[in-house]
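Work through the exercises below with the sequence and the model at hand. Try each task before reading its solution.

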Amino acid sequence: NGTITQGQGNDSITVNWDSVGTGTISVVDTNTFGCPGIPQTISITINPLPVTSPISGQDSVCENSLTTYFVTPNAGSTYNWSVINGTISGSNTNNVVSIQWGSSGTGTLQVNETNAAGCTGTTVLMTVYIFPIPPIPAILGAATVCAGDTMQLYSSPLVGGVTYSWTMTGGT
């Protein structure tokens with residue numbers, strides 16, 4: 001279940017455990033007279049790493065937007081989220097996180113899961129494309145009108161909008 005990777009012949013070793021289950025480590029020390037001591041053995045439990053699901057959520061957002069992401073929860077696990085070009089809103093230790101994205105470009109979201117046995121799995125990454133919002137439009141046209149008249153208003157040209165949504169109060 002494991003391989004000694006460093007320290008054979010010394011008073012400390014490094015072991016790489018490569019499979020889940022149990023293993024044993026034994027040591028016998030020998031003194032300067034060549035006399036071996038009494039062997040000591042310990043049993044090792046090798047716990048599995050968590051298997052974190054891919055991150056779910058939008059991979060294309062508008063700048064400065066608040067977006068929620070999640071991974072499938074595993075019982076007893078905790079999560080550690082981090083973000084580049086954004087800010088975590090609220091807790092970063094659950095399987096769900098809210099991100100306030102920053103300026104246009106790309107952002108990176110990542111999560112590490114630690115299971116109930118204390119084992120941390122591999123980092124799960126997601127790249128998010130952050131699109132710019134158009135500038136604030138100006139409304140062009142007369143600001144006064146007589147009752148019963150119609151008027152035409154325009155949004156300032158070339159501000160970056162493709163479609164426009166108009167609302168009003170006090171008229172039809």
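## Exercise 1: a loop asparagine

Asn64 is partly exposed, because its relative accessibility is 48%. Buried means under 20% relative accessible area, exposed means over 50%, and partly exposed lies in between (1.4 Å probe, protein chains only).

This is a predicted model, in which local features need pLDDT of at least 70, side-chain atom pairs count only at pLDDT 80 or more, and totals for chains, interfaces and linings use all residues. Residues are numbered from 1 along each chain as its sequence is written, and side-chain values use heavy atoms, with hydrogens and water left out.

Task: locate Asn64 and state its phi.

Solution.
- Step 1. Asn64 sits in the loop between β5 (60-62) and β6 (66-70). Strands (E, at least two residues) and helices (H or I, at least four) are DSSP runs, numbered from the N terminus.
- Step 2. Its phi is near 65 degrees, a positive value in a residue other than glycine.

## Exercise 2: another positive phi

Task: find the place, phi and exposure of Asn85.

Solution.
- Step 1. Asn85 lies in the loop between β7 (78-84) and β8 (86-89).
- Step 2. Phi of Asn85 is near 70 degrees, again positive in a residue other than glycine.
- Step 3. Its relative accessible area is 24%, so Asn85 counts as partly exposed.

## Exercise 3: the overall fold

Task: describe the secondary structure and the spread of the protein chain.

Solution.
- Step 1. Count the elements: the protein chain has 0 helices and 13 strands.
- Step 2. The radius of gyration is 31 Å, well over the 16 Å that the globule rule gives for 172 residues, so the protein chain is more spread out than a compact globule. This radius is taken over C-alpha atoms, and the globule rule is 2.2 Å times the number of residues to the power 0.38.
- Step 3. The C-alpha trace spans about 110 × 30 × 20 Å along its principal axes.
- Step 4. Of the 172 residues, 22% are buried.

## Exercise 4: contacts of two loop residues

Task: list the contacts of Gln58 and Thr30, leaving out residues up to four places away in sequence.

Solution.
- Step 1. Gln58 is in the loop between β4 (40-46) and β5. It is partly exposed, because its relative accessible area is 48%.
- Step 2. Gln58 touches Thr67, Tyr69, Met126 and Val128. Contact means heavy atoms within 4.5 Å.
- Step 3. Gln58 and Tyr69 are 11 residues apart in sequence, and their C-alpha atoms are 7.6 Å apart.
- Step 4. Thr30 is in the loop between β3 (21-27) and β4. Thr30 is exposed, because its relative accessibility is 53%.
- Step 5. The contacts of Thr30 are Cys35 and Pro36.

## Exercise 5: cysteines

Task: count the disulfides and classify Cys119 and Cys146 as buried or exposed.

Solution.
- Step 1. Apply the rule: a disulfide is a pair of cysteine sulfur atoms within 2.5 Å. The count is 0 disulfides.
- Step 2. Cys119 is buried, at 16% relative accessible area.
- Step 3. Cys146 is exposed, at 53%.

## Exercise 6: a nonpolar patch

Task: name the residues of the nonpolar surface patch and place Val145.

Solution.
- Step 1. Ile139, Val145, Met151, Leu153, Tyr164 and Trp166 form the patch, with about 610 Å² of accessible area together.
- Step 2. Patch residues have over 30% relative accessible area and no salt bridge; like charges are joined within 9 Å, nonpolar side chains (Val, Leu, Ile, Met, Phe, Trp, Tyr) within 5 Å. A salt bridge is a side-chain nitrogen of Lys or Arg within 4 Å of a carboxyl oxygen of Asp or Glu. Accessible areas come from the Shrake-Rupley method with a 1.4 Å probe; for residues, only the protein chains shown count as cover.
- Step 3. Val145 lies in the loop between β12 (139-140) and β13 (154-155). Val145 is partly exposed, at 47% relative accessibility.
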